[in-house]
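Good morning, colleagues. I should like to take you through a few side-chain pairings and one helix packing in the structure now coming up on the screen.

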Amino acid sequence: STQSHGGMQTMTKLNVHVKLSPAAREKCMEQWRNINGILGDNSTNLIDLEQNHEPHVTMYLSNFKESCMEHIKQMIWDRISEFKSLDLTLSKFSASGSYVFWDVEPSTQLKNCCDNLVHVLSPFVESPTVPSWFDRLPAEERARRSDLIEKHGSATVFEFFYPHVTLAYIKDEAVLARVLDLLEPCEVTFTVAEIAAGMCGDQGTVLKGQDVCTFPIDTPHRS
């Protein structure tokens with residue numbers, strides 16, 4: 001938790017996210033190790049999936065009023081309970097700023113669920129923060145995303161929702177380009193079985209073992 005400006009309201013930075021299946025998680029670990037192998041000792045990956053960070057697909061990330069946490073959990077549960085079984089596919093690797101992403105193929109069901117979560121949870125947002133990459137955006141996009149931060153506490157919602165798993169944060173652009181070049185194309189499909197709200201670290205990470213709540217998704221039994 002952190003104290004917001006003025007010291008009146010305590011807030012918690014939460015990442016509402018899709019949990020990966022054990023098999024998809026292992027594939028992410030494999031790709032993360034591949035990236036670190038490419039980096040060697042020359043550059044540092046600030047995403048640490050071994051010790052500190054949990055691979056995940058972010059649905060909605062912001063600072064929330066700690067005093068409303070029980071209500072927030074209930075609101076998430078109300079929205080998640082409408083969520084039926086869903087398969088997601090990790091498809092291509094991409095770069096955005098200093099990040100290496102494993103992109104999730106677009107899913108209307110996931111997008112609708114995320115949009116609903118933003119609508120019901122944004123009244124509980126407290127002192128939203130502007131992301132570090134914000135200043136590099138074109139003026140028109142920056143204005144629109146600014147509006148989203150003000151109203152909904154996040155610059156990556158609605159039309160800017162691009163689901164992905166973050167595998168790396170590499171500050172050196174040339175090294176990042178080399179990593180993308182050397183990663184072998186790979187696809188993984190998994191059934192979403194759990195959605196959680198977890199404590200956030202730097203670079204939008206979910207801290208390992210620090211989920212505030214987890215919600216099982218009703219998945220039909222596979223034959």
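Let me begin with Glu26 and Arg33, whose side chains meet in a salt bridge at 2.8 Å, N to O. Please bear in mind throughout that this is a predicted model. Glu26 has a relative accessibility of 39%, so it counts as partly exposed. Arg33, at 38%, therefore counts as partly exposed as well.

Arg33 also takes part in a second pairing. Which residue does the side chain of Arg33 meet in a salt bridge at 3.9 Å? The partner is Glu50, with the distance again taken from N to O. This pair joins distant parts of the chain, since Arg33 belongs to helix H1 while Glu50 sits in the loop between H1 and S3, 17 residues apart. Glu50 has a relative accessibility of 43% and so counts as partly exposed.

A further link between helix H1 and that loop is made by Arg25 and Glu54. Their side chains form a salt bridge of 3.0 Å, N to O. Here too distant parts of the chain are connected: Arg25 is in helix H1, residues 22-39, and Glu54 is in the loop between H1 and strand S3, residues 56-65, with their positions 29 residues apart. Are these two partners buried or exposed? Arg25 is partly exposed, because its relative accessibility is 24%. Glu54 has a relative accessible area of 14%, which is under the 20% limit, so Glu54 is buried.

As a general remark, side chains of opposite charge can pair when their charged atoms come close. In this model, the count of salt bridges comes to 12. Elsewhere in the chain, Arg144, Asp147, Lys151 and Glu159 are joined in a network of salt bridges.

I now return to the loop between H1 and S3, where two other residues deserve a look. His53 is placed in this loop. With a relative accessible area of 9%, His53 falls under 20% and is therefore buried. Leaving aside residues up to four places away in sequence, His53 touches Leu46, Ile47 and Asp48, and also Thr205, Val206, Leu207 and Lys208.

Asn52 lies in the loop between H1 and S3 too. Its relative accessible area is 41%, so Asn52 is partly exposed. Which residues does Asn52 touch, not counting those up to four places away in sequence? They are Val206, Leu207 and Lys208. In addition, Asn52 and Gly201 are 149 residues apart in sequence, yet their C-alpha atoms are 8.9 Å apart in space.

My last topic is the packing of two helices. Helix H2, residues 69-80, and helix H3, residues 108-121, pack at an angle of about 150°, and their axes are 10 Å apart. An angle over 145 degrees counts as roughly antiparallel, and H2 and H3 are therefore roughly antiparallel to each other. Their crossing is right-handed. On the H2 side, the contact is made by Ile72, Met75, Ile76, Arg79 and Ile80. On the H3 side, Cys113, Asn116, Leu117, Val120 and Leu121 take part. Sorted by class, the contact of H2 with H3 contains eight nonpolar residues, one polar and one charged.

To close, I would draw your attention once more to the loop between H1 and S3, which holds both Glu50, paired with Arg33, and Glu54, paired with Arg25. Thank you for your attention.

Terms used:
Residues numbered from 1 in each chain as written. Predicted model: local features only at pLDDT ≥ 70, side-chain atom pairs only at ≥ 80, totals over all residues. Heavy atoms only, no water. Axes fitted to C-alpha atoms, helices over the stretch in contact; angles between N-to-C directions. Helix = DSSP H or I, 4+ residues; strand = E, 2+ residues; numbered from the N terminus. Parallel < 35°, antiparallel > 145°, perpendicular 65-115°, else oblique. Left-handed = near helix turned anticlockwise from the far one by under 90°. Contact = heavy atoms within 4.5 Å. Nonpolar A, V, L, I, M, F, W, Y, C, P; charged D, E, K, R; others polar. Salt bridge = Lys/Arg side-chain N within 4 Å of Asp/Glu carboxyl O. Buried < 20%, exposed > 50% of the residue type's maximum accessible area, 1.4 Å probe, protein only.
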